[in-house]
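Visitor: Could you take me through one part of this structure at close range? I would like to look at the sheets of one chain, and then at whatever surrounds them.

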Amino acid sequence: MTSELDIFVGNTTLIDEDVYRLWLDGYSVTDAVALRVRSGILEQTGATAAVLQSDTMDHYRTFHMLERLLHIPPSRQALLIERYPGPARPPFLSFVGGYYAFDEAFVREVLGKKLSKGTKKDLDDISTKTGITLKSCRRQFDNFKRVFKVVEEMRGSLVDNIQQHFLLSDRLARDYAAIVFFANNRFETGKKKLQYLSFGDFAFCAELMIQNWTLGAVGEAPIDPDSQMDDMDMDLDKEFLQDLKELKVLVADKDLLDLHKSLVCTALRGKLGVFSEMEANFKNLSRGLVNVAAKLTHNKDVRDLFVDLVEKFVEPCRSDHWPLSDVRFFLNQYSASVHSLDGFRHQALWDRYMGTLRGCLLRLYHD
Amino acid sequence: MPGKLKVKIVAGRHLPVMDRASDLTDAFVEVKFGNTTFKTDVYLKSLNPQWNSEWFKFEVDDEDLQDEPLQITVLDHDTYSANDAIGKVYIDIDPLLYSEAATVISGWFPIYDTIHGIRGEINVVVKVDLFNDLNRFRQSSCGVKFFCTTSIPKCYRAVIIHGFVEELVVNEDPEYQWIDRIRTPRASNEARQRLISLMSGELQRKIGLKVLEMRGNAVVGYLQCFDLEGESGLVVRAIGTACTLDKLSSPAAFLPACNSPSKEMKEIPFNEDPNPNTHSSGPSTPLKNQTYSFSPSKSYSRQSSSSDTDLSLTPKTGMGSGSAGKEGGPFKALLRQQTQSALEQREFPFFTLTAFPPGFLVHVGGVVSARSVKLLDRIHNPDEPETRDAWWAEIRQEIKSHAKALGCHAVVGYSESTSICEEVCILSASGTAAVLNPRFLQDGTVEGCLEQRLEENLSIRCGFCHIPYDELNMPFPAHLTYCYNCRKQKVPDVLFTTIDLPTDATVIGKGCLIQARLCRLKKKAQAEANATAISNLLPFMEYEVHTQLMNKLKLKGMNALFGLRIQITVGENMLMGLASATGVYLAALPTPGGIQIAGKTPNDGSYEQHISHMQKKINDTIAKNKELYEINPPEISEEIIGSPIPEPRQRSRLLRSQSESSDEVTELDLSHGKKDAFVLEIDDTDAMEDVHSLLTDVPPPSGFYSCNTEIMPGINNWTSEIQMFTSVRVIRLSSLNLTNQALNKNFNDLCENLLKSLYFKLRSMIPCCLCHVNFTVSLPEDELIQVTVTAVAITFDKNQALQTTKTPVEKSLQRASTDNEELLQFPLELCSDSLPSHPFPPVKEHLESASSNSGIPAAQRDRCSSWIELIKLKAQTIRRGSIKTTVTVEKASPVGDGNFRNRSAPPCANSTVGVVKMTPLSFIPGAKITKYLGIINMFFIRETTSLREEGGVSGFLHAFIAEVFAMVRAHVAALGGNAVVSYIMKQCVFMENPNKNQAQCLINVSGDAVVFVRESDLEVVSSQQPTTNCQSSCTEGEVTT
């Protein structure tokens, strides 16, 4: 007696969270059944292995069909809800959410990489390295790519676009915004130096940068939409990057640099545990931060932004064992005292740059 | 020109990409009705076209309006080659043809293609302007309402239940026409879909005409089926129950009902006969004595009349039972008698209903069924489907005579089905023989029934169990006892029925799904030989199915089956029988005896041991089941011995009847000779197998119940969480070991595993009950068995579980009394026992005086008021308990129910907005149906030539069923409904050819589109005074009875 066909179709689609997890993780039906047996479900429910097998198969098929609908152009995803309505909305959203959820380890590997066929070929290696099944890697990669492709051509808030078109939760939409932003700007994140950073760190920075450094951040809606070729939220504000060159004066002009240093030192004397180290390093640090800004006109240097930040700021401070609170004091004072520099005219530009950078650096500064 | 159909094509969305180059589509729409076609403009380069067309107007006969579906085809415009079809939408406009239902059909319909499935959606608005046509020779039957629901729809009242209507139409199956060789599969599928749509419309119209002739205005329990007879054609047939319904809120609409709708349906030709009254003067069946006397002395005397005496099985009924047939000639025809004998004048006094208005069902005789094996031949003239008509007429006649043999004049819960394999066809019909209260069968006799109802109400709750046939001339061997409830009438030891459990029946414990499964191998044969072989096997199968049911019922410790449905399926080399029913313990029937096993060779010691071991296992199982289903028949205390009411026989597990009182003893003992134990003789391995298989049925896991009736007896507190589902399984038998046993085991395992899978899958809903579990077996190929299950899982609140199924009023009162049990020192029997056998003399007196004095003996009201009195009385006598009583009564009142749901409803209500609910039940728990919008009857074909790519057979069928659900929901939503009730998948024919990577599936579904309102949303007229509340409910109950 062999089962030829075995289906269960409900008026509302039942989703077993556990099986869904297994499916998302890329387990085969056989493995999934074995894992479920190990979880003790048979004893709990008094079911037989055959029942479990049938149930797992059925769920896998359902997921597969839902997946196909998830892949159709996002504007048609309403179909999904119509065709396979969940028993209630929240569980359904959690289904989509689950599908778009990703593994931290995986995203760290592809973050900032071009979402292209080339990268896709490397998934094998990533799978071996992270222990995530290839199937799951592919799904996650394809998700990134799908979201990227769709929002690439859209205007308006990146997070909102993602949220609306992919029915994702706010949290997940933010993460995707970061992934898309990184992929678009191709920030280097894979260097050994950067390995200590988590996806969360990068996502945090991405959010700050999206908020402050992109065109959308300026809030000036382009007057002629056709002339505006850049994406509002995905690309950094080119003009802003160009302007950043002006900051160079802070380190190029020796008087200005000395004045800046004395202002910071006066303010921080006695408040900083690592004052002497700071005093000794001030010029180096300041040069590092300003040079990073000045270089951002080149795409290559934009990509290396995080490498530079870590190299020029995080590492020197860390080697002198600055506590985080001191870093905060320093950065606050460092950016604030520029306002007192009479000869410096680019206060607004400085704030836009340092405001974001300060936040990023504080987040990046850890072991 | 009596109707104008107006159609507007608004927009499309999510269309498929038809032009690969641009990734877009140039879509336009053809709207076709009858032979007229309109086209919209081409909307260039869009997947979401906005046509916003003008109103396309079709001026048509109402006859066409009923027959034809509106056909909408979406196409992709192509300048150079033929336009590509994207898909179609068929819209049945029948719901627009009667005033109370939908006024406009407007919404997004999935565009369906038989090869690709759903491809986007189209927004359509449809309206109908109907002109009044008073032409009495008309061919249309606009205005007749159709309901799939097999009970009186919730917001209607049955004024008259006229009776059986049937019709069938035949045609050639397009799939088998010569042209099919040259046309595409798509064209062939569409031809079939269109034809069936057309035939359904025609059928419905013809049935409607019959209803109008009977002066009815609705068909309830409408069941339409397709017989795909292959080469010999396509038969669409339908049965239903004609009624005159009255909408509850608007008593104005009242059709003048004719006294005796005595037309012979069959003989009324639609066109030729201008005078529908030709037969009205036909012979009526006067009866000498129409009173249904239930006085204790003549307990068995009941009229058992029927129109035909061809089988002369007329039981000898005691007195006043003139069973005169038509041939008996006209007696002195008194007017009243004539009206009462309305039933007898019907050719087939059949009712497709399974649930009835209170008081309708007087007695139930038992299940009657008939089958016949026919050889299909080509239908030569589609306009005169005489052969098929004759076949069914034959079967119905047989059913009728069976019913008569049971002393019944009507058949309720009637249904018909077929099973076809090649050129052999098994026609089956079954129902429950019953004696009905003629009050509902014609109008104007309410006062005449008064006296009768007076007597009736004494036994109302157990009345239907009482035997309608003559004790001295029993149609089959049965063991009779005095009713355990009223102790006045005789009841059988077991009762099988095809109907739902009457709401006023007293049930002990809970019910459960009982199935008998059986396979029989059969030699492959051709034509006549095949038919003969099948005919020879049938009786054995029937017998075995019956035995299995009986054994399983006893094993469960229960004594009655409801909703029994026996399906016999014929295949190339085997026959399968599957019987499903819901077992319950009826308080009125005796406790079933156990099962005793007897061996043939008593000398063998080890064998003996084996037998006793087996016996022990069986006894254990029975005990366990009794516990599981909470079957604890009440034990009446000693003090009532010697009371005027005969003492009940103590049949609890340990205590076997020790004391019998009075004169019944001898009689009882005589009839009980071997009753207490059902003896199974184990004389060969077969029998051993049988016993084993009995014990292998695993009860559902705890927290689960299942039944195939509408609701589970013994559970009342449903929550609003429902999950309807369809599950299909196909297994392939290995052809090597095809023995009957192996086959039986395979089949049994298939069904058991399927149930287990369902329990497992729905475990998150515990505590819940699978209701309306409907199994369908088919044998698509030599070694394939296909089982399709449709059911609904409903969760219930465990904490408030009640033991009895009662009307709301009783429920509340019951709950009240249960709540007050301690406080008022009520004995438990008061609540669980029914009133008539109530041991408290004061109460009984009170009841009697109430009923005789008031002269309004509606049993419900009686019970109700007396209960209120009783509670009041008790409350007053016991200290200050009265205040507390009031409070609890209020809590338990319907208002309280509403409050209770308030708690659980809001999250559900919010979360399910937009999703059209689907349920096979006739109601939605926790909600009130406010409007019926018309029937949904849809037929779809889906075919694929890329089976593997679509996920294999499972993926293909899964997607198809999901699409069918989506289309049903869309059509219901377009009608303005938010649920479909009485949903049923009548057919699911699946054919595959994996070698060619092909598969085809046909699905036919139907149901009633409705609008429901959550009870929590309804503003409940909350009454602060519990007694008023109850009383108002009582009055209401009175009106509806």
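Guide: Happily! A definition helps before we start: two strands count as paired if DSSP finds at least two bridges between them. Please also keep in mind that this is a predicted model.

With that in hand, look at strand E19 of chain B and strand E21 (residues 574-586) of chain B, which pair in the antiparallel sense over 12 bridges. As one point on this pairing, B:Leu521 stands opposite B:Met574 in E21(B). Helix H7 (residues 527-555) of chain B packs on the sheet and touches E18, E19, strand E20 (560-570) and E21 of chain B. The direction of H7(B) makes about 150° with that of E19(B). Helix H11 (residues 740-761) of chain B packs on the sheet too, touching E19 and E21 of chain B, and its direction makes about 140° with that of E19(B).

Now for the sheet as a whole. Its four strands are arranged in the order E18-E20-E21-E19 (chain B), as an open sheet with mixed pairing. At its edges are strand E18 (495-496) and strand E19 (507-521) of chain B, each of which pairs on one side only.

One residue is worth a stop here. B:Ser706 is found in strand E24 (residues 704-706) of chain B. Is B:Ser706 buried or exposed? Its relative accessible area is 5%, so B:Ser706 counts as buried, the cut-off being under 20%. The side chain of B:Ser706 makes a polar contact of 3.1 Å with the side chain of B:Tyr759. Leaving aside residues up to four places away in sequence, B:Ser706 touches B:Gly511, B:Cys512, B:Leu513, B:Met712, B:Tyr759, B:Cys769 and B:Leu770.

Let us move on to another sheet in chain B. This one is open as well, with four strands in the order E9-E11-E12-E10 (chain B) and mixed pairing. Strand E9 (145-146) and strand E10 (156-171) of chain B stand at the edges; each has a single partner strand, so one side of each is left without a neighbour in the sheet. E9(B) runs parallel to strand E11 (residues 218-228) of chain B, and two bridges join them. Within this pairing, B:Lys145 has B:Ala218 in E11(B) as its bridge partner. As for what links such strands, those of a sheet pair through backbone hydrogen bonds, either parallel or antiparallel.

Helices lie across this sheet too. Helix H2 (residues 185-213) of chain B lies across E9, E10, E11 and strand E12 (234-247) of chain B, and runs at about 135° to E10(B). Helix H4 (residues 386-405) of chain B lies across E10 and E12 of chain B, again at about 135° to E10(B).

Stepping back, we can place these sheets in their chain. Chain B has 20 helices and 31 strands. Of its 1041 residues, 60% are buried. Among contacts in chain B with a separation of 6 or more, 77% are between residues 24 or more positions apart. The accessible surface of chain B comes to about 39,900 Å², with 52% of it belonging to carbon and sulfur atoms.

Note on methods
Residues are numbered from 1 along each chain as its sequence is written. Chains are lettered from A and ligands numbered from 1 in the order in which they are written. This is a predicted model: local features need pLDDT of at least 70, side-chain atom pairs count only at pLDDT 80 or more; totals for chains, interfaces and linings use all residues. Side-chain values use heavy atoms; hydrogens and water are left out. Buried means under 20% relative accessible area, exposed over 50%, partly exposed in between (1.4 Å probe, protein chains only). Contact means heavy atoms within 4.5 Å. Accessible areas come from the Shrake-Rupley method with a 1.4 Å probe; for residues, only the protein chains shown count as cover. A polar contact is a pair of N or O atoms within 3.5 Å; within protein, one must be able to donate a hydrogen and the other to accept it, and residues adjacent in sequence count only if both atoms are side-chain atoms. Axes are lines fitted to C-alpha atoms, for helices over the stretch in contact, and angles run from 0 to 180 degrees between N-to-C directions.
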